[in-house]
Every structure is written in structure tokens, then in C-alpha cells.
Amino acid sequence: MNSATQPLIWRTSTYTKSDSCVEVADNDPERVRVRDTKARGKGTVTARRDAWGVFVEYAKRTPGAGS
């Protein structure tokens with residue numbers, strides 16, 4: 001199943017305390033999409049799931065991430 005047959009479900013990080021962040025739609029089995037909550041209509045960044053996973057693991061190791 002992909003986004004053509006299933007609507008994207010957008011969510012923000014559990015660390016977010018406001019709407020000024022990015023949202024992620026990761027319910028597509030092939031792609032992860034990211035958009036800015038302040039400009040939802042201005043487009044999305046799309047990544048393959050494996051590339052997104054590498055990015056997230058890198059971000060977790062980066063000093064200051066999650067602060």
C-alpha cells in the first residue's frame with residue numbers, strides 16, 4: 001500500500017511543544033515525507049525509508065540533537 005491508496009498521516013515529534021516545527025508522514029511503506037508546519041502548502045521533502053532511517057540515526061548521534 002502507498003500514499004496513492006492511503007492518505008498520508010502527518011505527525012510532529014513528541015518533543016515538540018508547539019506547532020512551529022516539521023511534520024513527518026511515515027505511514028507510506030516506501031517513502032517518508034517531511035514538511036514545515038508554518039508552510040504546509042509549500043511542498044514536502046521526500047526520502048526513501050532507508051535513507052530517512054540513516055538520517056535519523058545520524059541526528060540522534062549529533063551533539064545537541066534532542067535538546
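This short talk walks through how four strands in the model are paired with one another. What we have here is a predicted model, in which local features need pLDDT of at least 70 and side-chain atom pairs count only at pLDDT 80 or more, while totals for chains, interfaces and linings use all residues. Residues are numbered from 1 along each chain as its sequence is written, and side-chain values use heavy atoms, with hydrogens and water left out.

Let me begin with strand S1, residues 10-12, which pairs with strand S2, residues 22-25, in the antiparallel sense over 3 bridges. A strand here is a DSSP run of E with at least two residues, numbered from the N terminus, and two strands pair if DSSP finds at least two bridges between them. Within this pairing, Trp10 has Ala25 of S2 as its bridge partner.

Moving on, S2 also pairs with strand S3, residues 31-36, again in the antiparallel sense and over 4 bridges, and the two form a hairpin with 5 residues between them. Here Ala25 stands opposite Arg33, and Val24 stands opposite Val34.

Finally, which strand is joined to S3 by 4 bridges and runs antiparallel to it? That is strand S4, residues 45-48, where Ala47 stands opposite Val32.
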